[in-house]
Amino acid sequence: MAQWLNTGRFYRMTAALIAVAACGMGYAEESAAGLLPMIKKHTTLTSTIPDNGDLNPYAVVVAPATVGKLTQGDVLITNFNNTTNLQGTGTTIVDYNPSTKRLTTFAQLSHELPGCPGGVGLGTALAVLKSGWVVVGSTPSNDGLTDSKGAGCLIVLDANGKVNQVVADELINDPWGNMAVVDNGTTATLFLSNAGFGVGSANGKPPVVNKATVLRVELSIPEGKAPQITSKTVVADGFGEQADKSVFLVGPTGLALGEGGKLYVSDALANRIVVIDDALHRTSSGGTGSVVTEGGMLSRPLAMTTTPLGHLLVTNGLNGKVVEIDPVAGKQLYSRWIDANKAQTPPGNGDLFGLAMTPDGRGFYYVEDDVNTLVLAQ
Amino acid sequence: MHRTTGRKPRWSAIWACLALLSASALAEELDRSIQAAPIGQWTGWRNRGNLLGDMGGLRTALGRDGITLGITETSEYLGNVSGGVQHGFYYDGLTTVTLGVDAARAFGIADGSFNISALHVHGSNLSALNLNTLQTASGIEADRGARLWELWYQQGFLNNHVDLKLGQQSIDQEFMVSQYSGLFVNTMMGWPAVPSYDMPAGGPAYPMSAVGARLRVRPTGALTLLTGVYDGDPTAAGDGNKHGTAFSLHGGALWVTELQYSNQPSDGAVESGDQVSSSLPGTYKLGFWYHNASFADQRWGVDGRSLADPASQGAAEQHRGNYSVYAVADQLVWEDKPGSQQGLGVFARAMAAPGDRNQLSFSINTGLVLKEPFQGRDNDSVGLGLGYARVGSGARALDRDAVQFSGVNTPVRSGETFVEATYQYQVNPWWQVQGDVQYVVNPGAGIVNPNNASGTQKIGNELVLGVRTNISF
């Protein structure tokens with residue numbers, strides 16, 4: 001036995017076994033090449049309800065820099081409902097600091113903000129720039145339903161949460177989904193979806209109106225001065241949008257930028273993810289783009305973000321799952337139940353909306369709007 | 001002919017499209033011209049969850065300290081148009097006030113919550129006045145007056161995989177609960193017949209509650225274990241505990257344990273493309289309770305004679321302890337499409353207890369509930385249910401003994417059955433109106449009609465009609 005152990009054959013066999021095991025591990029790692037299987041737990045970080053009682057957290061964005069009231073790494077969250085839970089009347093952006101674990105109110109706007117048709121109801125469109133400027137979309141209502149909704153606007157806030165300017169025109173009608181952002185410091189490109197063009201009342205069986213757009217907004221941000229919009233271009237249109245008694249609107253909600261200026265859009269009503277090519281530079285609409293993936297684990301896809309591997313993470317509106325997609329392969333890789341609240345059917349139905357990657361890319365923040373909390377999946 | 005008939009749908013489709021386009025264009029125009037209205041106390045009052053909204057700022061002010069205030073009123077007008085001991089309709093109602101405190105916000109204690117609630121029961125009790133049923137017509141019928149209901153603190157541990165609740169609790173809020181049967185008006189669709197008649201004072205369930213401790217463990221996402229120990233008789237102190245403030249520690253102890261299984265995915269479950277779970281949601285529960293007090297035999301006296309025997313001393317034989325096993329199933333069997341409101345659920349709940357020491361030895365509730373029965377009525381529900389309660393073997397034998405000893409052919413109790421059909425209409429998020437029909441066969445399981453002089457006639461089968469409304473303030 002001892003003699004056999006000393007032979008070169010033993011070492012060769014051991015080396016071969018290690019190589020096989022390593023290959024196996026490599027295969028296993030590759031087969032699990034995604035973020036969702038690596039997540040260990042979901043930790044509730046804070047209630048998202050500010051002092052004025054606003055409810056229904058939607059947008060989740062991580063501050064990229066320390067400016068004014070913002071600290072790099074802070075998580076900013078919009079509230080869509082007021083204290084009586086009327087949709088389209090929430091006026092606050094709250095700020096959760098992961099270091100101090102404290103929640104503060106970053107901005108509290110007036111519902112009757114001048115220049116914003118229909119007033120203020122803060123939805124999922126939120127961008128925080130390195131310069132400290134914050135751009136947030138309003139999808140307002142006067143009574144919690146689309147019957148009294150306005151076209152809303154884009155609101156530019158300074159780093160202390162004060163309104164600097166209000167932007168409203170015929171290209172903006174209920175900025176609804178999360179923004180995709182390219183931030184170069186002195187310039188920035190924002191993409192936002194508009195889901196309010198002509199949707200009308202939510203009574204009865206509201207029709208699907210194929211008028212939703214994705215708008216590219218170019219900003220110039222001179223040093224020490226307020227950002228100026230230099231151009232607006234509709235890069236996609238014709239998406240379905242629909243008034244809804246329970247969730248106000250259903251329409252394209254998730255926007256995420258990929259390699260080569262590809263813009264991925266979650267088309268909620270068609271239950272699919274589409275791609276708009278050359279979204280950073282195109283001068284005309286790409287329509288509803290081309291389909292990346294549809295159906296499968298998607299169930300009314302909403303807000304979307306990108307993982308360090310270039311995968312898309314998208315929350316589902318009709319269950320408590322987040323879905324990971326390889327957009328290049330057009331393949332749905334994994335889904336993970338991040339809200340399995342059995343009070344709804346299916347579990348977590350209607351609970352999820354916004355999400356954002358953590359700065360280290362190892363996890364993501366998301367909101368549970370049924371219980372008004374911010375959760376970390378990591 | 002073909003051309004003519006072919007054109008009609010095309011023109012109608014074109015007109016429909018034009019109408020839609022013009023409506024859509026008009027809506028866009030309105031979107032741009034609408035002014036923001038000030039948000040006040042009555043803004044959007046039809047669309048919000050509570051009639052009184054923010055109560056002039058009170059709810060927001062309480063919310064800053066983690067306090068939530070709930071006020072609900074259930075009112076109903078129920079009556080029997082046939083059968084029973086007399087005919088007629090009565091009003092009854094229930095006001096519930098609940099104060100919840102999120103300990104994290106109030107005291108910085110994560111995963112803790114405090115709850116206190118009070119009840120005010122008003123109106124008349126149809127079942128007691130007209131029906132004399134075992135399975136009483138309405139779950140809110142109770143003795144009139146105001147009372148403290150629950151008063152407890154709950155603390156979660158291990159990321160809420162374990163939680164402990166201490167204080168005065170009404171166990172019908174957690175044990176033996178059927179998700180779908182809660183739609184119905186009949187009492188036994190809520191807290192079932194066996195514990196209502198076999199536990200002292202009907203058990204610590206609405207409108208009663210008892211001091212106790214309850215542990216909940218969620219070892220996996222699919223399994224939940226509930227176990228609790230409570231004072232065995234909430235009426236054993238303070239002159240019957242009429243106001244819920246006696247905090248009785250007398251009358252023995254009640255242990256309840258329930259294992260729950262859900263076929264739905266658990267938090268953190270990961271699926272890949274070929275492993276997607278798609279089963280319709282179902283919950284299954286298996287439970288057991290034990291009470292350590294003494295329970296009187298339903299037939300035999302301590303002297304070995306039937307209690308119906310004129311020679312009996314009248315003192316019942318005593319049994320040490322009492323117990324029951326039960327099972328509850330709730331299963332969605334059809335849904336229009338995943339995530340839609342429209343779906344058909346079925347439920348069944350059965351339980352048994354020993355027949356020698358209990359008035360009832362068996363009860364069952366079962367039925368169907370269809371959510372969104374009509375398109376656009378997302379939050380309406382229609383239900384058809386059935387309940388049955390069986391009198392225990394000892395009590396039935398006692399009735400037979402009575403016939404034998406008296407020579408009078410008085411009825412022998414057996415079982416009571418009711419069928420209930422109901423439609424709950426959601427007027428708006430804070431207001432429901434519910435129409436209800438119940439038909440009871442063999443009321444009281446066949447007891448003598450007190451209006452019958454001969455003492456041999458049963459109460460006639462009853463048709464109960466009514467309307468209930470629930471308002472959240």
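Which residue of chain A stands opposite Val270(B) in β9(B)? Figure 1 has the answer, and like every view here it comes from a predicted model.

**Figure 1. A strand from each chain pairs up across the interface.** Val270(B), in β9(B), has Arg336(A) standing opposite. The chain A partner in this pairing is strand β22, residues 331–337. β22 of chain A and β9(B) run in the antiparallel sense, and the pairing extends over three bridges.

**Figure 2. Here is the whole contact between chain B and chain A.** On the chain B side, 44 residues are in contact, and they touch 57 residues of chain A. Putting the two chains together buries about 3,800 Å² between them, with 54% of that on carbon and sulfur atoms. As for polar contacts, 20 residue pairs are counted between chain B and chain A, with both residues at pLDDT 80 or more. Three elements of chain B give two or more residues each to the side that touches chain A: α1 (2–33), α2 (58–64) and β9 (270–272). Of the side of chain B that touches chain A, α1(B) supplies the largest share, with seven residues. Sorted by class, that side of chain B has 20 polar, 15 nonpolar and nine charged residues.

**Figure 3. Asp31(B) and Lys149(A) form a salt bridge.** Zoom in on these two side chains and you'll find them 2.5 Å apart, N to O. Across the interface of chain B and chain A, three salt bridges turn up in total.

**Figure 4. Chain A is built with two helices and 25 strands.** Its radius of gyration is 22 Å, close to the 21 Å that the globule rule gives for 378 residues, so chain A is as compact as a globular protein of that length. Along the principal axes, the C-alpha trace of chain A spans about 90 × 45 × 45 Å.

**Figure 5. Each chain offers a cis peptide bond to look at.** In chain A, the cis bond joins Thr345(A) and Pro346(A), and omega is about -10°. Pro346(A) sits in the loop between β22 and β23 (352–357) of chain A. That β22 is the strand that pairs with β9(B) in Figure 1. Over in chain B, the cis bond runs from Tyr206(B) to Pro207(B), with omega near 0°. The loop that holds Pro207(B) lies between α5 (193–198) and β6 (210–217) of chain B.

**Figure 6. Asp278(A) has a positive phi.** Why look twice at that? Because most residues other than glycine have a negative phi. For Asp278(A) the value is near 50°. To find Asp278(A), go to the loop between β17 (272–276) and β18 (290–294) of chain A.

Technical notes. Residues are numbered from 1 along each chain as its sequence is written. Chains are lettered from A and ligands numbered from 1 in the order in which they are written. This is a predicted model: local features need pLDDT of at least 70, side-chain atom pairs count only at pLDDT 80 or more; totals for chains, interfaces and linings use all residues. Side-chain values use heavy atoms; hydrogens and water are left out. Contact means heavy atoms within 4.5 Å. Buried area is the accessible area (1.4 Å probe) that two parts lose on being put together, summed over both. A salt bridge is a side-chain nitrogen of Lys or Arg within 4 Å of a carboxyl oxygen of Asp or Glu. A polar contact is a pair of N or O atoms within 3.5 Å; within protein, one must be able to donate a hydrogen and the other to accept it, and residues adjacent in sequence count only if both atoms are side-chain atoms. Helices (H or I, at least four residues) and strands (E, at least two) are DSSP runs, numbered from the N terminus. Ala, Val, Leu, Ile, Met, Phe, Trp, Tyr, Cys and Pro count as nonpolar, Asp, Glu, Lys and Arg as charged, and the others, Gly among them, as polar. Two strands pair if DSSP finds at least two bridges between them. The radius of gyration is taken over C-alpha atoms; the globule rule is 2.2 Å times the number of residues to the power 0.38.
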